[in-house]
Amino acid sequence: MASAKSSRSRSSHSAASAKGNAKDAGAKLEENLNVFKADKFDADAYVQSKCHSLGEKEIRQLCSYLVDLKRASAEEMRRSVYANYTAFIRTSKEISDLEGELSSMRNLLSTQATLIHNLSEGVNIDSLSHAIPDGSPTSLPNDEVRELSDIEKWSTEFPDFLDVLLAERRTDEALASLDEGERIVAEAKDKKTLAPAILQSLHTAIIEHRQKLSDQLAEAACQPSTRGAELRAAISALKKLGDGPRAHSLLLNAHYQRYQYNMQSLRPSSTSYGGAYTAALSQLVFSAIAQAASDSLSIFGQETAYTSELVMWATKQTESFALLVKRHALSSSAAAGGLRSAAECVQIALGHCSLLEARGLSLCPVLLKHFRPSVEQALDANLKRIEESTAALAAADDWELTYPPTSIHLSGRTNTAMGGISHQHKLSSSAHRFNAMVQDYFEDVAPLLSLQLGSKTLDGLFHVFNSYVSMLIKALPGSMEEEANFEGSGNKIVRMAETEAQQMALLANASLLADELLPRAAMKLSPLNPVNYRDDTRRRPMDRQTRNPEQREWKRRLVGSVDRLKDSFCRQHALDLIFTEEGDSYLTANMYINVDGNVDEIEWFPSPIFQELYAKLNRIAGLAADMFVGRERFATLLLMRLTETVILWLSEDHTFWDDIEEGPRVLGPLGLQQFYLDMKFVMCFASQGRYLSRNLHRVINDIISKAMAAFAATGMDPYSALPEDDWFNEICQDAIERLSGRGKSANGERDPNSPTASVSAQSISSIRSHGSS
């Protein structure tokens, strides 16, 4: 029915989050549609202007834009219909009521006219009888009195006949007789076969008996014992009498009274099962609505006034049902965080309600509007439970990566939720618990997609994950004050990750959850895009699986949260590398300024701090090879980030550069050579490890240029003080081999016949002569 379709259109925009942007979206849509509103709009010319110079990719983008515009236009039309639908239904109801009142007024006026006519006729007859004497020649003898005609006899007997039909409840015959009486009255009025007094008396009798029959039918329709065919017959007869609005209201009220009577046996209690109560109640309510809709359609058809009243009545009953379910089943489950129980109640109610769509009634949006707050409460309670449970485990987590516990392996629900892949990934105990709870959470949320809770679910879970990452950051030594203000971290106690392996485990937890496990679980919110749960470590299919733009953005946010942990990890290790426990820096300008004063003792080798950086990166790379199997890119980015952190600190250390550029002692040739060697060493091992980023390469070159500029400011040529790059590359390669234990002179003694040694000696001699000159 038309109004039901309007109801569906109206209900499709029930999401509360869209109200705030409705005005802006409408203005933007109006602006986009202006080009199509022109009187001289030429569709072919418009397409040619857009597609003439476009390639296939641009044409696809244009098609996508037009589809979005079409969808937005349809949405705008639905909003417009929804905005005016209530007024339309109210006006239709008022018109129906007015028609009924006009019908009653017509009957009343007709009765009054008949009464006045009868009174006037009686006065005339009485005055005439007094005016004519008995012996008047106009008087007729008794034997000449005219006998009554057949129609006059019928009109005299007809009211009594109607009384009999009404008394015997012979409704169909009474309807037929009333119709026949009206037909005879009309013919007699045209042919003047009945005196006006008799004609008016007959008309009054028909009206009175029609009203009596209408009241009799209405009384029968109100009786609880009147059901099924008997009820439909009474309503149909009442409609035939011309009292359609009253008949339709009585029909709806009869179905309401019936299901209210049946509900008396349904008594919810605090111990009753919410799903069972919801199922029994929805069976009663929606069966009554379905039967009322069927009866209304069969008797009244598709008349707008009646379909509108039916929609309003059905909506009211659905709202009452939703309030009962919330009071007796849904609210208690939601308050206790029983998401699965709440989801079951919602599913049962929506399942029964959706059956009405075949009858033209789309009432599911009404339920969703009332159920959504309770379900959101259950979602929040579950997320809070996940956060608190994970925090409790993080306080005792030893940060050792293990396979899932046996309880998770044997949990059919968890195993199914995780797609049978959980046993292939190693996490610490708190991360295993977090993952298992999230998988169950998505299992419970997936049936509630019709409530349009996808965005809220993803957003809430992101905040929980972000809180977990904050706890992992607090587990890094020295990060307590730094993370004190992070949202969700609070005052939770977290066990410290003391060793590098434990600290790497923190990264393994966060990266595996954000990159694979959580996005794969979130795919349950996209039933139209089934997930291939194969775990192929050689190929990461998650980006291709996560095709939903909202979920791609959500995954980007997860990865951004992991970057916080990665930054804290790199910053902490860089500080450990650069500073002593007392806070003194290992990386000072004196490292290079003092080199020229110790020429006799010099041996060209990278500075100790950069040797330690290389050793640390090697240790981290070894740990990453075991912990990030199949995710080598993450390990590479981690090494890149740590190296950049150290070099950027050097680049931005004002104290270091102030001493180099403006200190009391200038940077000498050997100091410049040592500095250049250190930077080349970093570039060399980063390049071999494949984590030499463009940014790192640029920053190192800028640092070298800055040091050479400081040296040139002393009046010396930096290029004449530096050997060829082959010399530096040879030393760097030799250093890498010796530090990694692969060099021929691993005992620390340089081969005097090596090219490096000879070049080194020549370099020192050249520098001495340059300095003396």
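Is Asp-459 buried, partly exposed or exposed? I looked this up before anything else: Asp-459 is partly exposed, because its relative accessible area is 31%. I use buried for under 20% relative accessible area, exposed for over 50%, and partly exposed for in between (1.4 Å probe, protein chains only).

**Entry 1. Basis**

I note that this is a predicted model, in which local features need pLDDT of at least 70 and side-chain atom pairs count only at pLDDT 80 or more, while totals for chains, interfaces and linings use all residues. Residues are numbered from 1 along each chain as its sequence is written, and side-chain values use heavy atoms, with hydrogens and water left out.

**Entry 2. Salt bridges**

I took a salt bridge to be a side-chain nitrogen of Lys or Arg within 4 Å of a carboxyl oxygen of Asp or Glu. The structure contains 14 of them.

I began with the partner of Asp-459, which is Arg-557, and found their closest N and O atoms 3.2 Å apart. Arg-557 belongs to helix α20 (residues 549-578) and Asp-459 to helix α17 (residues 454-474), so this salt bridge ties together parts that are 98 residues apart in sequence. Helices are DSSP runs (H or I, at least four residues), numbered from the N terminus. Arg-557 counts as partly exposed because its relative accessibility is 26%.

I next examined Asp-515 and Lys-555, whose salt bridge has its closest N and O atoms 3.6 Å apart. This pair links distant parts of the chain, with Asp-515 in helix α18 (residues 500-522) and Lys-555 in helix α20, 40 residues apart. Asp-515 has 25% relative accessibility and is therefore partly exposed, whereas Lys-555, at 8%, counts as buried.

I then recorded the salt bridge between the side chains of Glu-603 and Arg-738, at 3.9 Å from N to O. Glu-603 sits in the loop between α21 (590-593) and α22, and Arg-738 in helix α28 (residues 725-739), so the pair ties together parts 135 residues apart in sequence. Glu-603 counts as partly exposed at 41% relative accessibility, and Arg-738 as buried at 14%.

Which residues are linked in a network of salt bridges? I found Glu-500, Glu-612, Lys-616 and Arg-619 in it.

**Entry 3. Packing of α22 and α23**

I looked up how helix α22 (residues 608-627) packs with helix α23 (residues 632-652): the angle is about 160° and the axes are 10 Å apart. The two helices are therefore roughly antiparallel. Axes here are lines fitted to C-alpha atoms, for helices over the stretch in contact, and angles run from 0 to 180 degrees between N-to-C directions. Angles over 145 degrees count as roughly antiparallel, under 35 as roughly parallel, 65 to 115 as roughly perpendicular and the rest as oblique. The crossing of α22 past α23 is right-handed, that is, the near helix is turned clockwise from the far one by less than a right angle.

**Entry 4. Nonpolar surface patch**

I located a nonpolar patch on the surface formed by Val-35, Phe-36, Phe-41, Tyr-65 and Leu-66, with about 380 Å² of accessible area together. Patches consist of residues with over 30% relative accessible area and no salt bridge, with like charges joined within 9 Å and nonpolar side chains (Val, Leu, Ile, Met, Phe, Trp, Tyr) within 5 Å. Accessible areas come from the Shrake-Rupley method with a 1.4 Å probe, and for residues only the protein chains shown count as cover. Helices α2 (22-37) and α4 (56-131) each supply at least two residues of the patch. Phe-41 lies in the loop between α2 and α3 (43-51).

**Entry 5. Positive phi**

Most residues other than glycine have a negative phi. I therefore noted Trp-399, which is not a glycine yet has a positive phi of about 55°. Trp-399 lies in the loop between α13 and α14 (406-410), and is buried at 1% relative accessible area. Arg-690, also not a glycine, has a positive phi of about 65°. I found Arg-690 in the loop between α25 (669-688) and α26 (694-712), exposed at 74% relative accessible area.

**Entry 6. Contacts across the sequence**

How far apart in space are Gly-181 and Ile-206, C-alpha to C-alpha? I recorded 7.0 Å, for residues 25 apart in sequence. Gly-181 has its place in helix α6 (residues 171-191) and is buried, with a relative accessible area of 0%.
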